[in-house]
Amino acid sequence: MARLVYAGATSHVSGILRSPDAHPDFSPRLHQGWERMTADLESANPDVVLIIGTDHYETFGLENYPTFCIGAATKHDAWNEHGIPGNTVLGDESVGLSLVGSLLERGFDVSRSLEMPLDHGYMVPIQRVGLDQRRIVPLFVNCNTPPLPSLERCRDLGRALREALTELPDDLTVAVLATGGLSHWVGLPQTGEINEDWDRRVLELISRGDLDALTAMTDDDIAEQAGNGALEIRTWIVAAACAGATGGEVLAQAPMHAWVTGIGIINLEVAA
Amino acid sequence: MSVVGVHRLVRDLERRDGLVDRLLEQPAAVLETYPLSDDEREAVLNLDAAALVDLGVNPLVMRTLLVLAGVANPDIYSHTLSLRS
């Protein structure tokens, strides 16, 4: 039975790499959070990192648009959309396919992609927290193309993933990292607004492991209060449920107007 | 659904060398090669953010289109640019 050795979540906006020092006070605080996450991941030394993210119409288009999809490949190229840096990373075809099979057995009909390039939703965290030399298994969650999977369904996917990890080989160590959010509006008139109160509340709920309160939110409320980009917190819910939802430690939070996004970084407790 | 055509146009603009320049120079000729409805073609030509979203184009895709066409992100809903000019 594989071991889950780390779980966490972070925002993924490209400004993290493109203009890392965009704010004199907030940037150092955030980078301190990512440095802590980097150190914790290094210490956990996972064989495979399952990154739960979404896609911004780079890998998937309306011709074929999955709800959940696992990348099962020996490598994952980077799209480098809009000049965002990033190089090809290693994947793990065997782990990806094993998770697909285990999830199917648990009632989650996830798609699989044997060739799944990655956009900034994956590549920014990979680079920022030092995962570019590790084996990456991406798990795509539709966060921006309605109809979306419900928050409850995302919680249940996380729980199923937790079980699915038990069917991976005995000596494998796995880290889970969710990416997305927090409040931001993309391609809407409110672009640039940030709801810091909402961001703090979500971080508080995640840090308490209160998935009931998180999944009680409606997508309409989330979109109205925190923007269409905040719908990406479903990836955080998947990761928190996978970790056992016993709590977490907020590493940093800031309203980064220069990046048009509320930023959150959190380590999740891994329940026994 | 023809909204797929708008999405495909934007993806091609991101990935095909020279296509953005061709769109800016000869928009009608480029748009002719995509299965767009009349309303979609007009909205693209006008770089009309609100109309594109109303027609079902995802806001993420709309934003990419307008930024590639030279509209600054904060100005997407207030700019006066057009592919016709």
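## Strand β10 and its surroundings in chain A

In β10(A), the residue that serves as bridge partner to A:Thr10 is A:Ile265. The model discussed here is a predicted one, and the description below starts from this strand, moves to helix α2(A), and ends with a loop residue.

The pairing that involves A:Ile265 and A:Thr10 belongs to an antiparallel arrangement in which β1(A) and β10(A) are linked over three bridges. β10(A) is also joined to β9(A), again in the antiparallel sense, by eight bridges, and within β10(A) it is A:Asn267 that stands opposite A:Glu249. The hairpin formed by β9(A) and β10(A) has four residues between the strands, and in it A:Val260 takes a positive phi near 50°. The two pairings are set out below.

| Strand pair | Sense | Bridges |
|---|---|---|
| β1(A) and β10(A) | antiparallel | three bridges |
| β9(A) and β10(A) | antiparallel | eight bridges |

Eight of the eight residues of β10(A) are buried, so the strand is largely enclosed by the rest of the structure. Both of its faces are covered, with A:Thr261, A:Ile263, A:Ile265 and A:Asn267 buried on one side, and A:Gly262, A:Gly264, A:Ile266 and A:Leu268 buried on the other.

Helix α2(A) contributes to these surroundings, since its buried residues pack against β10 (261-268) as well as against β1 (3-10), α4 (120-128), β8 (173-179) and β9 (248-256) of chain A. The helix covers residues 26-44, and at 1.5 Å a residue its 19 residues should span 27 Å, which agrees with the 27 Å that separates its end C-alpha atoms. The buried residues of α2(A) are A:Ser27, A:Leu30, A:Gly33, A:Trp34, A:Met37 and A:Leu41. Viewed down the helix axis, these buried residues fall within an arc of 130°, so they line one face of α2(A). On the other side of the helix, A:Ala39 and A:Ser43 are exposed. Just after α2(A), A:Asn45 adopts a positive phi of about 50°.

A separate site is A:Thr59, which is placed in the loop between β2 (48-53) and β3 (68-71) of chain A. Is this loop residue buried or exposed? A:Thr59 has 23 C-beta neighbours inside 10 Å and therefore counts as buried. Leaving aside residues up to four places away in sequence, A:Thr59 touches A:Met116, A:Pro117 and A:Asp119. A:Leu118, although 59 residues from A:Thr59 in sequence, is 6.8 Å from A:Thr59 in space, C-alpha to C-alpha.

Technical notes: Residues numbered from 1 in each chain as written. Chains lettered and ligands numbered in written order. Predicted model: local features only at pLDDT ≥ 70, side-chain atom pairs only at ≥ 80, totals over all residues. Helix = DSSP H or I, 4+ residues; strand = E, 2+ residues; numbered from the N terminus. Expected span 1.5 Å × (residues − 1). Buried ≥ 20, exposed ≤ 12 C-beta atoms within 10 Å, placed from the backbone. Arc of directions from axis to C-beta. Contact = placed C-beta atoms within 7 Å. Pairing = 2+ DSSP bridges.
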